[in-house]
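Colleague: Before I plan anything at the bench, I would like to go through this model with you. Can we start with what lies inside?

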Amino acid sequence: MNCFEYIYPLSTSKFVPSIEFFNPIKTTFSDMVAASTGDESYAAQASKVAAFTTSYQDGATESDEVNVYVLFENEKTDTELTSLKSIIDTARSTFDPTDAKHKGEWDYLIN
């Protein structure tokens, strides 16, 4: 499978788990293959991904300590990338590790 990977920066001062991005992105884009956060691309590790094109977005760089990696089957238009950025920005701004729905899973992120 050939894919398109879009990488967005994620501040190390406020880590957001990939599940916070995954569900809203998958709801909007049915061709999403994977979404992950961290310092390594999922696309580089997945055996089902034969080749992929990487696009750094919103000031992200290869040397960032933490990024949001989103992998799609199809290349995204500028309009779709704007929508994707909005989803990521919303997840960044609304994630609350103290929220009861997480059942303490992210307590270690609380300063």
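Modeller: We can; bear in mind that this is a predicted model. The largest nonpolar core has 19 residues. Those with the most contacts inside it are F21, I25, V70, F72, L84 and I88.

Colleague: Which element supplies the largest share of this core?

Modeller: Several elements contribute: β1, α1, β2, β4 and α2 each supply at least two residues. The largest share is five residues, and it comes from α2.

Colleague: With which residues is L84 in contact, leaving aside its neighbours within four places in sequence?

Modeller: L84 is among the residues with the most contacts inside the core. Beyond its sequence neighbours, L84 is in contact with Y6, Y8, I25, F29, V70 and F72.

Colleague: How many residues does the other core have?

Modeller: Another core lies apart from the largest one. Among its residues are C3, V33, A46 and V49, and the count is seven.

Colleague: In what order do the strands of the open sheet lie?

Modeller: The sheet has four strands and its pairing is mixed. β2 (32-38) and β3 (51-56) stand at the edges with a single partner strand each, so one side of each is left without a neighbour in the sheet. The twist averages 20° from one strand to the next. The order is β2-β4-β1-β3.

Colleague: In which sense do β2 and β4 pair, parallel or antiparallel?

Modeller: Six bridges join these two strands, and one bridge partnership is that of S36 with Y69 in β4. On the other pairing of β4, six bridges also join β1 (residues 2-9) to β4 (residues 67-72), which run antiparallel; there, E5 has L71 as its bridge partner and Y6 stands opposite V70. For β2 and β4 the sense is antiparallel.

Colleague: How many of the six residues of β4 are buried?

Modeller: Both faces of the strand are covered. N67, Y69 and L71 are buried on one side, and V68, V70 and F72 on the other. β4 is therefore largely enclosed by the rest of the structure, its buried residues numbering six of the six.

Colleague: Within what arc do the buried residues of α1 fall?

Modeller: The buried residues in α1 include E20, F21 and I25. They pack against β2, β4 and α2. Seen down the helix axis, the buried residues line one face of α1, because they fall within an arc of 100°.

Colleague: How many aromatic pairs are there?

Modeller: One of them is F29 with F72, an edge-to-face pair at 5.3 Å centre to centre with 70° between the planes. Ring pairs link Y6, F29 and F72 into a cluster. The count of aromatic pairs comes to two.

Colleague: How many residues apart in sequence are the parts that the pair of F29 and F72 ties together?

Modeller: F29 is buried, with a relative accessible area of 6%, and F72 is buried at 0%. F29 lies in the loop between α1 and β2, whereas F72 lies in strand β4. The pair therefore ties together parts whose separation in sequence is 43 residues.

Methods: Residues are numbered from 1 along each chain as its sequence is written. This is a predicted model: local features need pLDDT of at least 70, side-chain atom pairs count only at pLDDT 80 or more; totals for chains, interfaces and linings use all residues. Side-chain values use heavy atoms; hydrogens and water are left out. Two strands pair if DSSP finds at least two bridges between them. Axes are lines fitted to C-alpha atoms, for helices over the stretch in contact, and angles run from 0 to 180 degrees between N-to-C directions. Buried means under 20% relative accessible area, exposed over 50%, partly exposed in between (1.4 Å probe, protein chains only). The arc is that of the directions from the helix axis to the C-beta atoms. Contact means heavy atoms within 4.5 Å. A nonpolar core is a set of buried Ala, Val, Leu, Ile, Met, Phe, Trp, Tyr and Cys residues joined through side-chain atoms within 4.5 Å. Rings of Phe, Tyr and Trp (its six-membered ring) pair if their centres lie within 6.5 Å; planes under 30 degrees apart count as stacked, over 60 as edge-to-face and the rest as tilted.
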